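Reader: I am new to this structure and would like a close look at one part of it, the largest cavity and what surrounds it. Please take me through it step by step, and then outward to the rest of the chain.

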Amino acid sequence: MALPNCSPALTCIVIFGFYPSFCTKGGFWHSTVLDDQGKYHMKWKHNESRITFEIEVETRGYIGFGLSPNGAMALSDIVIGGVELGKPYIQDYFVSTSRQLRKDDQQNYHLEYAMENNTHTVLAFSRDLHTCDRNDKPITESTVRVIWAYHTEDCGAAGPQYHGVNRGRKSLRLLNPGGHTAAPSETASFDLRNLNVPVPFKDTTYWCQLFKFPELDRKHHVIRIEPLIQTGHSNLVHHILLYQCDSNLNESQLDIGHECYHPNMPDSFLTCESVVFAWAIGGGGFTYPPHVGLSIGTSIDPVYVLLEIHYDNPTRQRGLTDSSGLRFFYTPVLREYDAGVIETGVWVSLYHMLPPGLPEYISEGHCTMECLQEALDHEMPAGIRVFAVLLHSHLAGRALRARHFRKDNELRPLAYDNEFDFNFQEFQYLKEERLILPGDNLITECKYNTRNRKNMTWGGLSTRDEMCLSYLLYYPRINLSRCESLPEITGQLKFIGVKEIYTPVTTWPFIIKSPMKYNNLSFMEAMDKFRWSKKKGKAFNDVVHRLPINVRCAKHDQDEWSVQGMIVSPPEIKRPTSISPVPCSRASEQHCSPALLIFTYFVYLISTWPGLCLNPDSPPQSPSFAPVQAVTTTPSFAPVQAVTTTHQRSQ
């Protein structure tokens, strides 16, 4: 049997045709830089059950890496390792609720290799996605808060010293990290960006500006879109939306910026309703799949667009100006399909309300079967295929998912995030494109926590308000821009005892007439006056889930499908709503079965057998760690003697 060639730095072990998952260095699919100074680099790859990391840090001391439930140290899953006196080391730790670092009795992180030169250390290790160890954090498709640290000194017998300022955190999707593939270097591009917009010194500002797409002599496809966030403004720019406008706008209004949703904004802004693209805080660029592109240059494509940027300025800084926007890479080499965007979820409105003081409240926004039936029957009876989803909510959001129903059956969610991070929102690529058929029903489900809030949280534009949305990227493009719902307000008011409102309605928010305790209060004031408790909040949530819903079913050109405004009953769905964790058997919780111990020993014998080093220029190596040779190149590493483990538990 011919054996594969391995890198000089590592040894392959082959047993009866079985090849270990990680034979050579390299082959990592994803990478990122975790710190602002560019000193802490991370690469990773995974299969269905296991993940491998390679960490390169500008230090000759220890490297710390962890998975945190919230970005803090408490209850984190930590691995610390490095190279000391030529010998690699690694240790699995966890952090207690009192922030004490403790060695884990079950060592689930496995050293793959380690290297060190005069300036840098490289540490590679792997672990199962689900170890069934209560001190290890499961790795799923949800957002993961990665925490990192390093020190100039190695751990030593006393354990790691305090890392000081050499630490940080970053949210990532380790199993679904988004589309960071760059466009080919020769790809043409154009930018739509603001120029020195004065950001008001207030909590929330939506700034809008009209642009015109480049004039093209024939159809082109946009194949990648990247955010252009001004340096230092990564926390100021919360999200960017691009809307298609009326193609007959007066060009004199181009490049005129104004605050969105303002009484004095230009009337032309009102013609821009269909979402072309969406980006949110923490996200990177988006690359369309090879067979799909955003069409520009034809009569039905966007000509005039509105760039909407949400500035989040909770500290009300003065004197800020911003020049952020989007960059579009486009090509005349056409793809097979034109992409579209459908906004689904809860229609943004004050009628979407969350009671205070609740550890959990769930909102549901319906893209109803009535809307999908009418739009798809008319436009695409064979259905559309969703290939990416952006889930979006604000500060109270904790878990989101886009659920998919066909007749009486619930299919796998289109997308989910059980550990939603407001500061990290980007499109999730679907592993398999999902067919949406006429008569299907989609539900955007958002789980919130309002435990520390004293008043109602309202659906609205501010970061302190809430949204529950999912943006579906799909093909082929059809004439459907929004498929949303809103619970009827009457049943919500009835819950707090409202009997009558003043009619006709002449003010917004409208005014309550009776009972006396709410007389002359707006419905918002009445909701805040109601004495909420956890029990009442849960009861209110149950009522809202059963209320009739108002259907929103809009086209791209300010027109509507006939079901727009229809009042329908929500479908009956199963709850609870959380994604089931991977079950752990008692056997999987044990450190090592006898069969595995025998197998591991056999691997040891085979690995030390003369002649099995696959590099003909290197001598046979044992599994013990050979001294790591110092090299002078920076930051690359010269080949070192073989340092290999076989997924047996670290000693």
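Author: The largest cavity holds about 150 Å³ of space, in a model that is predicted. A search of the whole structure finds seven cavities of 30 Å³ or more, and the description that follows begins with the largest of them.

The lining of the largest cavity is made up of 18 residues, and those nearest its centre are Ser363, Glu364, Pro487, Val544 and His545. Three elements each give at least two residues to this lining, namely strand S27 (361–367), strand S35 (482–487) and helix H4 (534–546). Of the lining of the largest cavity, the largest share comes from S27, which supplies five residues. Sorted by class, the lining of the largest cavity has 11 nonpolar residues, six polar ones and one charged one.

Helix H4 deserves a closer look. H4 is built of 13 residues, and from its first C-alpha to its last it reaches 19 Å, which is close to the 18 Å expected at 1.5 Å a residue. Its buried residues are Gly537, Phe540, Asn541, Val544 and His545. Seen down the axis of H4, these buried residues fall within an arc of 135 degrees, so they line one face of the helix. A general point about helices helps here: an α-helix has 3.6 residues a turn, so residues three or four places apart point the same way. On the face of H4 turned away from the buried side are the exposed residues Lys535, Lys538 and Arg546. As for what lies against the buried residues of H4, they pack against strand S26 (353–354), S27, S35, helix H2 (489–495) and helix H3 (523–529). Two of the elements in that list, S27 and S35, also supply residues to the lining of the largest cavity.

Helix H1, which spans residues 369–379, can be read in a similar manner, with Cys371, Leu372, Ala375 and Leu376 as its buried residues. Looking down the axis of H1, one finds these buried residues within an arc of 100 degrees, so they line one face of the helix. The cover over the buried residues of H1 includes S27 and S35, together with strand S28 (384–392), strand S31 (428–436), strand S32 (441–448) and strand S38 (549–554).

Following S38 onward leads to Lys555, which has its place in the loop between S38 and strand S39 (567–568). Lys555 has a relative accessible area of 17% and is buried, the cut-off for that word being under 20%. Apart from residues up to four places away in sequence, Lys555 touches Ser274, Asn479, Ser481, Glu560 and Trp561.

Another loop residue to find in the view is Gly460, between strand S33 (457–458) and strand S34 (469–475). Gly460 is buried as well, with a relative accessible area of 10%. Although Gly460 and Tyr351 are 109 residues apart in sequence, their C-alpha atoms are 9.5 Å apart in space. Leaving out residues up to four places away in sequence, the residues that Gly460 touches are Val348, His394, Asp465, Glu466 and Met467.

Elsewhere in the chain there is also an open space to set beside the enclosed one. The largest pocket has a volume of about 1,200 Å³. It is lined by 36 residues, with Thr32, Val33, Lys170, Ser171 and Gly282 the closest to its centre. Strand S1 (30–33), strand S10 (144–150) and strand S11 (167–172) each supply at least two residues of the lining of this pocket, and the largest share, five residues, comes from S11. By class, the lining of the largest pocket has 11 nonpolar, 17 polar and eight charged residues.

The loop between strand S9 (121–128) and S10 holds Asp136, which counts as buried at 6% relative accessibility. Asp136 lies 44 residues from Asp92 in sequence and 9.2 Å from it in space, C-alpha to C-alpha. Beyond its neighbours within four places in sequence, Asp136 is in contact with Asp77, Asp92, Asp104, Asn108, Arg127 and Thr131.

To place these parts in the whole, the chain has five helices and 39 strands. Of its 651 residues, 54% are buried. Among contacts between residues at least 6 apart in sequence, 75% join residues at least 24 apart.

Notes:
Residues numbered from 1 in each chain as written. Predicted model: local features only at pLDDT ≥ 70, side-chain atom pairs only at ≥ 80, totals over all residues. Heavy atoms only, no water. 1 Å grid on protein atoms, 1.4 Å probe; cavity = no way out; pocket = protein on both sides within 12 Å on 5 of 7 lines; lining within 4 Å. Points joined across faces, edges and corners; volume = space filled by probe spheres on them. Helix = DSSP H or I, 4+ residues; strand = E, 2+ residues; numbered from the N terminus. Nonpolar A, V, L, I, M, F, W, Y, C, P; charged D, E, K, R; others polar. Expected span 1.5 Å × (residues − 1). Buried < 20%, exposed > 50% of the residue type's maximum accessible area, 1.4 Å probe, protein only. Arc of directions from axis to C-beta. Contact = heavy atoms within 4.5 Å.
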